[in-house]
Amino acid sequence: MSQFFVLYLLIILINFIYFLKIDYISNKLQIFDRPSNIKNHKKIVPPIGGILLFINIVISLFYISFYNFNILEIFFYIYGYKQLVVFGLTLTIIFFIGLYDDKYNLSANQKFLVLIPSIFFLIYIDDGLQISMISISIYDFQINLNKSASIFSLICFLTYLNCINMFDGINLQTSIFSITIILLIQFYVGSYSPILIVILIFFIIFSIFNFQSKVFIGDSGTLIVGFIIGYILIKLHNYEKIHSDVIFSFTIIPFLDMFRLIIKRLINGKNPFNGDTNHIHHRLIKKTNYHITILVIFITFFVPILINVIFGFKYNFILIILSILVYFFLLLTTSDKKNNTQN
């Protein structure tokens, strides 16, 4: 870890300078998140945390690739500069889509129009991202996807992107989720990845300012987080042969919330990707307050993961069922006529 001390020190310095100058940067870029009837904040907040996250990752990639490329092979399963270039290009495209969305509010169709071919090209170049088999830990049940591998991988990527993007709704929610997943991945791999450490540093510092509503991560940030997490989990699934249900359990709460909202909006004849106030965090805040809401959400997805780690993922399927039951219990306890008629 000492070999990357200079990198970590540089990242910490850049992060603090950026956040201390966040209002100046936001004014220069003219990117603001204004209060609305589906948002909880009461003042204009810069949604440009994603810019710094992108800068952190780019600096890390350059530093590590020149210092010791093998580290990218070990932790990101990036083999050769060709895969690195395509990975970096896809990351850049996704970042700018999110940044453009933060400034001009793109429609879901416009975003998908760029995201789908970009991610599909990445999957085509890097066959390590093609999920050829779904494996369930119970009885080692397997489903071979054969020619559908690339399409299924694309669906998984888009799911991760939308999960994190839709899950981001209150301060610290994305930070806590991302920190938990990063630590889990580090634990599962059994060692540390410099890039993940850099992302961890970012989220720790970001949380300080985000908690005070001085900055939001923005769509550029949530799309990057969704892409990175999706990329790593798919690689772990394929190279480390981690069961599909174990991978699914890492993001079950964001997935359940996204799936429920999409179905509900479609039933109500609405665009499934248009925002509303029926997310689980919105419902909890209406019934309690912010602090209880973030605590409940954290416990809901962290406790099953912690139990899984303690027991070596032997009871993963049971914990998935329990997570689903807890999620729907929260829905029932936060249900009221206003929520039902509003959405």
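Axes here are lines fitted to C-alpha atoms, for helices over the stretch in contact, and the angle between two of them runs from 0 to 180 degrees between N-to-C directions. With that in hand, the helix packing in this predicted model can be read off pair by pair.

Take helix 5 (residues 81-104) and helix 10 (residues 218-239), whose axes lie 6 Å apart at an angle of about 150°. Angles over 145 degrees count as roughly antiparallel, so helix 5 is roughly antiparallel to helix 10. Their crossing is right-handed. On the helix 5 side the contact includes F87, L91, I94 and F95, and on the helix 10 side residues including L223, I224, F227 and Y231 take part. Sorted by class, this contact has 11 nonpolar, 5 polar and 4 charged residues.

Helix 6 (residues 108-125) and helix 7 (residues 149-167) make another pair, with axes that come within 10 Å and cross at roughly 130°. That angle makes helix 6 oblique to helix 7. Here, too, the crossing is right-handed. Helix 6 brings F112, L115, I116, I119, F120, L122 and I123 to the contact, where they meet helix 7 residues including I151, L154, F157 and L161. No charged residues turn up in this contact, which has 12 nonpolar and 3 polar ones.

Helix 7 shows up again around open space. It gives the most to the lining of the second largest pocket, with 6 residues. This pocket has a volume of about 470 Å³, and of its 19 lining residues, F152, C156, Y160, S244 and F248 lie nearest the centre. Strand 1 (133-136), helix 10, helix 11 (244-250) and helix 15 (316-333) are among the other elements that give two or more residues to the lining. By class, the lining has 14 nonpolar, 4 polar and 1 charged residues.

As for enclosed space, a search of the whole structure turns up 4 cavities of 30 Å³ or more. The largest cavity has a volume of about 80 Å³. Its lining is made of 13 residues, with I182, I199, V225, I228 and I229 nearest the centre. Helix 10 gives the most to this lining, with 5 residues, and the lining has 12 nonpolar residues, 1 polar and no charged ones.

The second largest cavity holds about 60 Å³ of space. Residues lining this cavity include F250, I253, F301, P304 and L319. Helix 14 (290-310) is one of the elements giving two or more residues here, and helix 14 gives the most, with 4. This lining has 8 nonpolar, 4 polar and no charged residues.

Note on methods. Residues numbered from 1 in each chain as written. Predicted model: local features only at pLDDT ≥ 70, side-chain atom pairs only at ≥ 80, totals over all residues. Heavy atoms only, no water. Parallel < 35°, antiparallel > 145°, perpendicular 65-115°, else oblique. Left-handed = near helix turned anticlockwise from the far one by under 90°. Contact = heavy atoms within 4.5 Å. Nonpolar A, V, L, I, M, F, W, Y, C, P; charged D, E, K, R; others polar. 1 Å grid on protein atoms, 1.4 Å probe; cavity = no way out; pocket = protein on both sides within 12 Å on 5 of 7 lines; lining within 4 Å. Points joined across faces, edges and corners; volume = space filled by probe spheres on them.
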